[in-house]
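Thank you all for coming; I would like to walk you slowly through one structure today, and I will explain each term as we reach it. Please have a look at the screen before I begin.

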Amino acid sequence: MSAAEGPLVVGVDTSTQSTKALVVDAATGQVVASGQAPHTVSSGAGRESDPRQWWEALREALHQCGDAAREAAAVSVGGQQHGLVTLDAQGDPVRPALLWNDVRSAPQARRLIDELGGPRTWAERTGSVPSASFTVTKWAWLAEHEPEAARAVKAVRLPHDYLTERLTGEGTTDRGDASGTGWWASGTESYDEDILARVGLDPVLLPRTVRPGEVAGTVRDGHDLPFSKGTLVAAGTGDNAAAALGLGLRPGVPVMSLGTSGTVYAVSRHRPADPTGTVAGFADARGDWLPLACTLNCTLAVDRVAALLNLDREAVEPGNEVTLLPYLDGERTPNLPHASGLLHGLRHDTTAGQLLQAAYDGAVHSLLGALDLVLDSDADTSAPLLLIGGGARGSAWQQTVRRLSGRPVQIPEAKELVALGAAAQAAGLLTGEDAAAVARRWNTAAGPVLDAVERDEAALTRISGVLSDAAPLLERTAETR
């Protein structure tokens, strides 16, 4: 193992498709070992995953890290948000977890919004207007469609909570991930017992919320992991809050994350409450806020279009007539859970490369439409947009974001920012530092800056026009198709 200047920590990213682990030198931020293992997600109407696969993937990823993992003094888990993990009295899953991109609970989301007094009431109370992604709607769906399973549940967890609890034996969460459930009141930073009562969920089934910087527990015996008993375990957090930590993000700096889903967010000192539901008023993992807008369709949808066209994902060609809205899994921003992809403007001379570019444009348009709502009014509109996630390494994504945003684009060289943010959280337990300050000391946001180019207003206007004209078609529910 490479010599390290300081103690070693482990940061984990349990995402939709895989679990990754990094062993990091807490003094320098150097990644000294890494590992990754996949897990599966169901196809069809639902998006489900067996939480036990996440644990097995974590074990495999850590064993790939070798001796370095055995020397770690602290560990933290960042994970996909919103997923509903239901456990029985023995701590085993009652059923597969309902993941963030499972939109079957759209009817329950609409009903809950109406029952609690409308979008404004929800935004003021929880910071967000729940969509089908939010955990509260998934619990309502489960109680309605699988009542026997709901009655068997003795504990409700989020994905990162599940792994943290298997490490420590204690049920805990953090404010960042809890704020995406729909049953956490952002004004009081506590569970909202009225909302829980409305969906028939006993608050005793929920985990304790660990404060920023607090130790969630220590690694227990019998885990078959390369950790020593007593290794410190941090609170962990949701993936976007972990990535914000990994960047050492300061208030007002915009981020666009291009992954299976796409997100735009920024740290804010002000508690968000957007009654339109476009911006989710999440908490961050430190004590501030993380207003965020999310699209369901990002790199996976564009890659699917490329595959259908038998093209490499970079084989784009310029063109200004065709519009493609790549809503292959429904959509969250705009809120169209039952939408499908839509193509408009196809001509005899339209090329496959132009169709692929149109898919990129459609995905980025959705994200940029929410960017101004995410940022505080006094944010610097000329500041570089930080581009992260798997798509950020692709030239076609970079140039599309640059052309449609009109902003300079910075691409941090650090990879695996969710795992790095979790590692910074673990390091903070050892040093007493704020986790974002740890990441800034590690210089994780450093990377090349692409200069701003003139914003392509014509393309943005065209896409917005097609979206508006097609609204009646896109808004049709599954029942009316």
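Let me start with a definition: two strands pair if DSSP finds at least two bridges between them, and strands (E, at least two residues) and helices (H or I, at least four residues) are DSSP runs numbered from the N terminus. I should add that this is a predicted model, in which local features need pLDDT of at least 70 and side-chain atom pairs count only at pLDDT 80 or more, while totals for chains, interfaces and linings use all residues. Residues are numbered from 1 along each chain as its sequence is written, and side-chain values use heavy atoms, with hydrogens and water left out.

With that in hand, consider strand 1, which forms a hairpin with strand 2, with three residues between them. The two pair in the antiparallel sense over seven bridges, and V10 stands opposite V23 of strand 2. On top of that, strand 1 pairs with strand 5 (residues 72-79) in the parallel sense, again over seven bridges, with T14 facing G79.

Is strand 1 buried or exposed? Buried means under 20% relative accessible area, exposed over 50%, and partly exposed in between, using a 1.4 Å probe and protein chains only. Seven of the seven residues of strand 1 (residues 8-14) are buried, so the strand is largely enclosed by the rest of the structure. Both of its faces are covered, with L8, V10, V12 and T14 on one side and V9, G11 and D13 on the other.

Helix 13 (residues 395-405) can be described in a similar way, because eight of its eleven residues are buried and it is largely enclosed by the rest of the structure. Among the buried ones are W397, R402 and L404, and the helix is followed by G406, whose phi is positive, near 70°.

Now to the cysteines: how many disulfides does a search of the whole structure find? The number is zero, where a disulfide is a pair of cysteine sulfur atoms within 2.5 Å. For C294, the closest cysteine sulfur, in C298, is 9.0 Å away, which is too far for a bond. C294 is also buried, with a relative accessible area of 6%, and C65 is buried with a relative accessible area of 6%.
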